[in-house]
Structures are given as C-alpha cells and as structure tokens.
Amino acid sequence: MDIPSIEVKNILFPTDMSDNARYAFAYAVSLATLYKAKITLLHVLPQEDKIVSSHIAGYVMKEKWEEIRSSHYQHTRKSLTGKIRHHKQMREVHDPFPDDAGSSGEADEIVIEQGKPAKVILSQIHERNCDLVVMGSRGLSPLAGAITGGITEGVLRKSRVPVLVVRLPKDE
C-alpha cells in the first residue's frame with residue numbers, strides 16, 4: 001500500500017483564549033511552519049440571549065451595552081492579532097529564505113463570529129477550505145472539568161478533515 005502525500009495549506013485554529021487554547025496554538029504554529037500553511041484564527045462569541053439582553057438593557061442604556069459589546073470584540077481582535085504577529089515572526093525565524101513554490105502565499109486571517117461554537121467551527125472548516133483543525137481539548141466552560149470539551153467532541157464527531165486535539169501537559 002502506498003502512503004498518500006499529505007498537504008496542509010490551511011489550518012483552522014479555534015480559540016476561546018483559555019490556557020489550553022494558548023498551549024494548542026504552539027502546535028498550530030509548528031504545523032503551519034512545517035507545511036508552510038496559513039493559519040485562520042477563529043473566536044466564536046457566544047450567541048446573545050435575547051432575554052438576558054433585554055434584562056441588561058433595563059439596567060444599562062442601549063448605547064452603553066453596544067459600547068461594552070464593541071469593546072469585547074475589539075479586545076478579542078487585538079489579542080488574536082498579537083497571536084498572528086507572533087506566528088509570522090516565528091515563520092521568519094525558522095524560514096528566513098522561504099521558497100514560494102511550497103507556500104500558499106495567503107496571509108493569515110482572524111475571524112470572529114457569533115453563534116454556537118461547534119456549529120460555527122464546522123461551517124468555517126468548509127467555508128475556508130481548511131485541511132486541518134488544531135484545538136484545545138477543553139476551554140473556559142464552567143463544566144470543563146466534568147466534560148472533556150463538549151465543543152471539541154462536537155467538532156470531532158462531525159468534521160470531515162483531521163482534528164488535532166491538544167491537551168495541557170499533566171503538570172498544569
């Protein structure tokens with residue numbers, strides 16, 4: 001049996017900004033460097049609950065609520081932009097003379113969506129034509145200790161591309 005040639009051109013890295021996600025990012029960067037692949041960072045903002053929003057609107061003026069939401073979005077984008085810069089610096093250090101023949105030539109991306117995380121991740125895999133997903137085994141969910149990443153499990157079950165699930169080292 002011949003072993004097929006593996007090409008990875010676009011890695012999807014979903015992140016919730018948890019310690020586990022930060023650790024998994026090292027794997028995404030390493031694989032992107034190895035394969036000269038693009039990384040798409042994806043952060044999914046929770047779906048806004050209309051009941052909660054209406055209660056908050058009763059305490060905070062609508063403009064202030066929009067300002068808070070916008071501030072959260074900008075903070076998330078700034079944090080993810082720092083990760084992309086770090087990845088690009090690592091790529092330059094490891095490959096100061098890139099050969100464009102093997103590179104996809106595409107810039108890395110940041111995507112911030114709102115919705116149900118597993119569903120958004122799966123749609124982004126398809127929409128962005130990703131070859132690989134690299135994600136942490138569990139994140140910031142309050143049930144993270146009880147459930148081994150419900151979002152991760154949902155992606156694993158339905159993804160049509162390989163998913164690398166990264167756990168934190170035992171010491172952490």
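Thr-152 is found in helix H5, which covers residues 150–158. This is a predicted model. The report starts at that threonine and works outward.

**Thr-152 and its neighbours**

Is Thr-152 buried or exposed? Thr-152 is buried, because its relative accessible area is 6%, under the 20% cut-off. Leaving aside residues up to four places away in sequence, Thr-152 touches Met-135, Gly-136, Ser-137, Arg-138 and Val-165. One of these neighbours, Gly-136, also comes close through its backbone: its oxygen lies 3.0 Å from a polar atom of the Thr-152 side chain.

**Strand E4**

Gly-136 belongs to strand E4, residues 132–136. How many of the five residues of this strand are buried? Five of the five are, so E4 is largely enclosed by the rest of the structure. In a regular strand, side chains alternate between the two faces of the sheet. On one side of E4 sit Leu-132, Val-134 and Gly-136. On the other sit Val-133 and Met-135. All of these residues are buried, and both faces of the strand are covered.

Which strands are joined to E4 by bridges? Strand E1, residues 10–14, is joined to E4 by two bridges, and the two run parallel. Strand E5, residues 163–166, is joined to E4 by four bridges, again running parallel. Val-133 takes part in both pairings. Leu-12 stands opposite Val-133, and in E5 the bridge partner of Val-133 is Val-163.

**Other residues in helices and strands**

His-43 is found in strand E2, residues 38–45. His-43 is buried, with a relative accessible area of 7%. Where does the chain bring Thr-15 relative to His-43? The two are 28 residues apart in sequence, yet their C-alpha atoms are 5.3 Å apart in space.

Helix H1 spans residues 19–35 and includes Tyr-35. Val-29 lies in helix H1 too. These two residues have unlike surroundings: Val-29 is buried, at 7% relative accessible area, whereas Tyr-35 is partly exposed, at 30%. The C-alpha atoms of Val-29 and Phe-13 are separated by 9.6 Å, and the two residues are 16 apart along the chain.

Tyr-35 also belongs to a nonpolar patch on the surface. Its partners there are Ile-6 and Leu-34. Together the three residues have about 310 Å² of accessible area.

The table gathers the relative accessible areas.

| Residue | Element | Relative accessible area |
|---|---|---|
| Thr-152 | helix H5 | 6%, buried |
| His-43 | strand E2 | 7%, buried |
| Val-29 | helix H1 | 7%, buried |
| Tyr-35 | helix H1 | 30%, partly exposed |

**The whole protein**

How many helices and strands does the protein have? There are five helices and five strands. Along the sequence they follow the pattern β-α-β-α-α-β-α-β-α-β.

The protein has 172 residues, and 34% of them count as buried. Its exposed area is about 11500 Å², with 55% supplied by carbon and sulfur atoms. Contacts reach far along the chain. Among those between residues at least 6 apart in sequence, 80% join residues at least 24 apart.

Terms used
Residues are numbered from 1 along each chain as its sequence is written. This is a predicted model: local features need pLDDT of at least 70, side-chain atom pairs count only at pLDDT 80 or more; totals for chains, interfaces and linings use all residues. Side-chain values use heavy atoms; hydrogens and water are left out. Buried means under 20% relative accessible area, exposed over 50%, partly exposed in between (1.4 Å probe, protein chains only). Contact means heavy atoms within 4.5 Å. Accessible areas come from the Shrake-Rupley method with a 1.4 Å probe; for residues, only the protein chains shown count as cover. A polar contact is a pair of N or O atoms within 3.5 Å; within protein, one must be able to donate a hydrogen and the other to accept it, and residues adjacent in sequence count only if both atoms are side-chain atoms. Two strands pair if DSSP finds at least two bridges between them. Patches are made of residues with over 30% relative accessible area and no salt bridge: like charges are joined within 9 Å, nonpolar side chains (Val, Leu, Ile, Met, Phe, Trp, Tyr) within 5 Å. A salt bridge is a side-chain nitrogen of Lys or Arg within 4 Å of a carboxyl oxygen of Asp or Glu.
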